[in-house]
Amino acid sequence: MTDPANFLHRSLPEAVYLVLRRKILNNEFTAGQRLVEAPLAEELGVSRSTVREALRQLSVDGLVDISPRRHSVVTRMSYEDIRDACYARFVLEAGAVRCITGNKDDVLGRMQAVVDRMAGVAADGDVATMIDLDTEFHGCIIDAAGKQRLAALWRTLDAQMGALMRSSIDRQHIGLDEAVRRHQYVVDVFRVGSGEQIVQMLEEHYLGAVDSMAEAGVLSSKGLDSGPVAGRTPA
């Protein structure tokens, strides 16, 4: 049974959601695996209704598919969904970059600090924490723009990016050190590049990886095909 201390200071559905999300993102629950309410409720020491509510949120995140017969299955995103999410995030971050004026030392310092933490997480193979750090990293750019509505729109995509990164990591069979390298490159270009150069780099960061996966046959309209390919991880 999961340690009840993990549930302190959170509502039960939220705590269960976070436990299940971490298991999915760290591949303890693999693509295609059924998630059955009763054994999960017993393992976590909660009611089936609490598990059901957590599974509904995971479905919204794109991590679980719930069938009409209420079977819940760990899923992966389709090419269209992945590219759509990446494009939306790119457009919002490109807008943020164009709003950042003056000295960039503060935002660069925060971005570099996150990349340094990513390196330690990559060594541990912790995908769930890496995804959280990816959100924190790109959030540095969004927050530096000082646009509240832009930030609110951007943060509605957070959950989908977790599903996106888990999906791409599964099929490309790449190490998390590649994600660290790509984020370090973002910092490097952000430090010396013009606004338009940074925007071009972000477009490649988000959409170049997805398009490369599609060209290599890793992605299809039905989702992620099997088979490894060397390449880049979106986000």
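The following conversation walks through a predicted model and asks how its labels are earned.

Visitor: Why is Arg-21 called buried?

Guide: Arg-21, which lies in helix α1 (residues 12-25), has a relative accessible area of 12%, and since buried means under 20%, the label follows. Leaving aside neighbours within four places in sequence, Arg-21 is in contact with Leu-58, Leu-63, Ile-131 and Asp-132.

Visitor: What makes Asp-132 partly exposed rather than buried or exposed?

Guide: The relative accessible area of Asp-132 is 36%, and because buried means under 20% and exposed over 50%, this residue falls in between and is partly exposed. Asp-132 is placed in helix α6, and its C-alpha is 8.8 Å from that of Asp-158, although the two residues are 26 apart in sequence.

Visitor: How do you know that Lys-23 and Glu-43 meet in a salt bridge?

Guide: The separation from N to O is 4.0 Å, and as the rule asks for a side-chain nitrogen of Lys or Arg within 4 Å of a carboxyl oxygen of Asp or Glu, the pair is counted as a salt bridge. The pair links distant parts of the chain, with Lys-23 in helix α1 and Glu-43 in helix α2 (residues 37-44), 20 residues apart. Lys-23, Glu-28 and Glu-43 are moreover linked in a network of salt bridges.

Visitor: Which labels do Lys-23 and Glu-43 receive for accessibility, and why?

Guide: Lys-23 has 18% relative accessibility and therefore counts as buried, the limit being under 20%, whereas Glu-43, with a relative accessible area of 32%, is partly exposed.

Visitor: What makes Glu-196 and Arg-98 a salt bridge?

Guide: Their side chains come to 3.2 Å, N to O, and because the cut-off is within 4 Å, the pair qualifies as a salt bridge. This pair also links distant parts of the chain, since Glu-196 belongs to helix α10 (residues 195-215) and Arg-98 to helix α4 (residues 79-99), 98 residues apart. Glu-196 itself counts as partly exposed, at 42% relative accessibility.

Visitor: How do you know that Glu-136 and Arg-117 form a salt bridge, and how accessible are Glu-136 and Arg-117?

Guide: The N to O distance is 2.8 Å, which satisfies the condition of within 4 Å, and so the pair is called a salt bridge. Glu-136 is in helix α6 (residues 127-145) and Arg-117 in helix α5 (residues 105-124), 19 residues apart. Glu-136 is partly exposed at 35%, and Arg-117 is partly exposed at 42%. By this rule the count of salt bridges comes to 14.

Visitor: How many disulfides does the rule give, and which accessibility labels go to Cys-86 and Cys-99?

Guide: The count comes to 0 disulfides, where a disulfide would need a pair of cysteine sulfur atoms within 2.5 Å. Cys-86 has a relative accessible area of 0% and is therefore buried, while Cys-99, at 33% relative accessibility, counts as partly exposed.

Visitor: Why is the aromatic pair of Tyr-87 and Phe-90 called tilted?

Guide: The ring centres are 6.4 Å apart, and because the limit for pairing is within 6.5 Å, the two rings form a pair. The angle between the planes is 55°, and as stacked means under 30 degrees and edge-to-face over 60, the remaining label, tilted, applies. A search of the whole structure finds 1 aromatic pair. Tyr-87 and Phe-90 are separated by about one helical turn, because they are 3 residues apart in helix α4. Tyr-87 counts as partly exposed at 44% relative accessibility, whereas Phe-90 counts as buried at 9%.

Visitor: What is the span of helix α4, set against the expected value?

Guide: Helix α4 has 21 residues and reaches 30 Å from its first C-alpha to its last, which is close to the 30 Å expected at 1.5 Å a residue. The buried residues of α4 include Ile-82, Ala-85, Arg-89 and Glu-93.

Visitor: Why do β1 and β2 stand at the edges of the sheet?

Guide: The open sheet has 3 strands in the order β1-β3-β2, with antiparallel pairing. Strands β1 (34-35) and β2 (64-66) each have a single partner strand, so one side of each is left without a neighbour in the sheet.

Visitor: How do you know that β1 and β3 pair?

Guide: β1 and strand β3 (residues 72-74) are joined in the antiparallel sense over 2 bridges, and because pairing requires at least two, the requirement is met. Leu-35 stands opposite Ser-72 in β3.

Conventions
Residues are numbered from 1 along each chain as its sequence is written. This is a predicted model: local features need pLDDT of at least 70, side-chain atom pairs count only at pLDDT 80 or more; totals for chains, interfaces and linings use all residues. Side-chain values use heavy atoms; hydrogens and water are left out. Helices (H or I, at least four residues) and strands (E, at least two) are DSSP runs, numbered from the N terminus. Buried means under 20% relative accessible area, exposed over 50%, partly exposed in between (1.4 Å probe, protein chains only). Contact means heavy atoms within 4.5 Å. Rings of Phe, Tyr and Trp (its six-membered ring) pair if their centres lie within 6.5 Å; planes under 30 degrees apart count as stacked, over 60 as edge-to-face and the rest as tilted. The expected span of a helix is 1.5 Å times one less than its number of residues.
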